[in-house]
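Reader: I am new to this structure and would like to learn how to read it one feature at a time. Could you take me through it slowly?

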Amino acid sequence: MMEEQKRQQQPLQGKIVLSGILQVLTGMHIGGSSDFAPIGAVDSPFIRDPFSHAPIIPGSSLKGKIRTLLAKINCDGYVLNKVADDNEIVARLFGASGKNYAMPARLQFFDLFVTEDTKTNFNAIETDTYIGEVKFENTINRASGVANPRQIERVPAGAEFDFKLVYNVENLQDVQEDLETLAEGFELLANDYLGGHGSRGYGRVRLHDIKLRVIGKLDIDLVAYEDLFKG
């Protein structure tokens with residue numbers, strides 16, 4: 001049954017759009033390219049929008065993190081399963097493919113851009129880089145005791161990003177379970193980190209002010225579903 005469900009393309013009954021704010025609670029680093037950096041540049045810069053030069057969060061980073069957290073909490077045993085072996089709910093939300101099947105993702109993630117309020121607030125204060133801070137760190141060679149200093153660019157605490165996610169409604173019977181699972185993924189993220197160096201306190205974030213709206217003729221109680229995301 002599972003295999004057959006994976007192979008069949010489901011009809012689209014409508015869409016639920018989730019929007020809100022992702023707030024950075026501790027300095028966050030999602031790495032960009034440092035190729036051809038000028039002398040004196042930061043060793044490890046974060047990703048920026050090439051047009052506004054403001055930091056961005058790629059939708060792929062958010063999708064991959066939430067999927068991995070859900071996969072970890074739902075896997076059997078001590079070793080994380082392969083992506084193709086994710087359980088049915090995770091697979092249908094984030095997509096799955098195998099040798100003889102492909103299951104399109106029901107979730108569509110968008111890149112996250114800083115809010116206009118964040119731009120205004122950070123324009124009024126002095127920062128190391130545009131909406132960025134530079135963290136100086138050392139790695140110590142245990143054998144020699146020699147320090148290797150480096151500079152890591154971080155999005156400062158307090159920065160906020162506009163968040164948007166679209167859920168494709170393919171089966172009304174799955175909506176409750178799917179959105180409960182997504183809400184669980186948000187909660188897991190709030191107790192983990194986004195980006196690199198999380199074991200050192202980087203990348204604590206939270207999603208808040210989540211609002212839902214329907215595209216299409218769906219008889220759905222959005223108020224009840226919004227309550228899932230208020231934890």
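Author: We can start with a pair of residues that face each other across two strands: in this predicted model, Lys15 stands opposite Ile215, which belongs to strand β10.

Reader: In which sense do β1 and β10 pair, and over how many bridges?

Author: Strand β1, residues 14-24, and strand β10, residues 205-215, pair in the antiparallel sense, and nine bridges join them. β1 also has a second partner to look at, since pairing in the antiparallel sense is found with strand β9, residues 160-169, over 10 bridges. A residue pair to look for there is Leu22, which stands opposite Phe161 of β9.

Reader: How many of the residues of β1 are buried?

Author: A general idea helps before counting: in a regular strand, side chains alternate between the two faces of the sheet. In the present case β1 is mostly covered, with nine of its 11 residues buried. For the protein of 231 residues, the share that counts as buried is 41%.

Reader: Turning to helices, what span should helix α2 have, and how far apart are its end C-alpha atoms?

Author: The idea is to allow 1.5 Å a residue, so the 16 residues of α2, residues 59-74, should span 22 Å, and this agrees with the 23 Å between its end C-alpha atoms. Helix α5, residues 175-190, can be read in this way too: its 16 residues should span 22 Å, and its end C-alpha atoms lie 23 Å apart, which agrees.

Reader: At what angle do α2 and α5 pack?

Author: An angle from 65 to 115 degrees counts as roughly perpendicular. α2 and α5 pack at an angle of about 100°, with their axes 9 Å apart, and they are therefore roughly perpendicular to each other. On the α2 side the contact is made by Leu62, Lys65, Ile66, Leu69, Leu70 and Ile73, and on the α5 side by Thr181, Glu184, Gly185, Phe186, Leu188 and Leu189. These residues divide into eight nonpolar, two polar and two charged.

Reader: Which residues of α2 and α5 are buried?

Author: In α2 the buried residues include Leu62, Lys65, Ile66, Leu69 and Leu70, while in α5 they include Thr181, Gly185, Phe186 and Leu189.

Reader: How many helices and strands are there in the protein?

Author: The protein has six helices and 10 strands. Among its contacts between residues at least 6 apart in sequence, 71% join residues at least 24 apart.

Terms used: Residues numbered from 1 in each chain as written. Predicted model: local features only at pLDDT ≥ 70, side-chain atom pairs only at ≥ 80, totals over all residues. Heavy atoms only, no water. Helix = DSSP H or I, 4+ residues; strand = E, 2+ residues; numbered from the N terminus. Expected span 1.5 Å × (residues − 1). Buried < 20%, exposed > 50% of the residue type's maximum accessible area, 1.4 Å probe, protein only. Pairing = 2+ DSSP bridges. Axes fitted to C-alpha atoms, helices over the stretch in contact; angles between N-to-C directions. Parallel < 35°, antiparallel > 145°, perpendicular 65-115°, else oblique. Contact = heavy atoms within 4.5 Å. Nonpolar A, V, L, I, M, F, W, Y, C, P; charged D, E, K, R; others polar.
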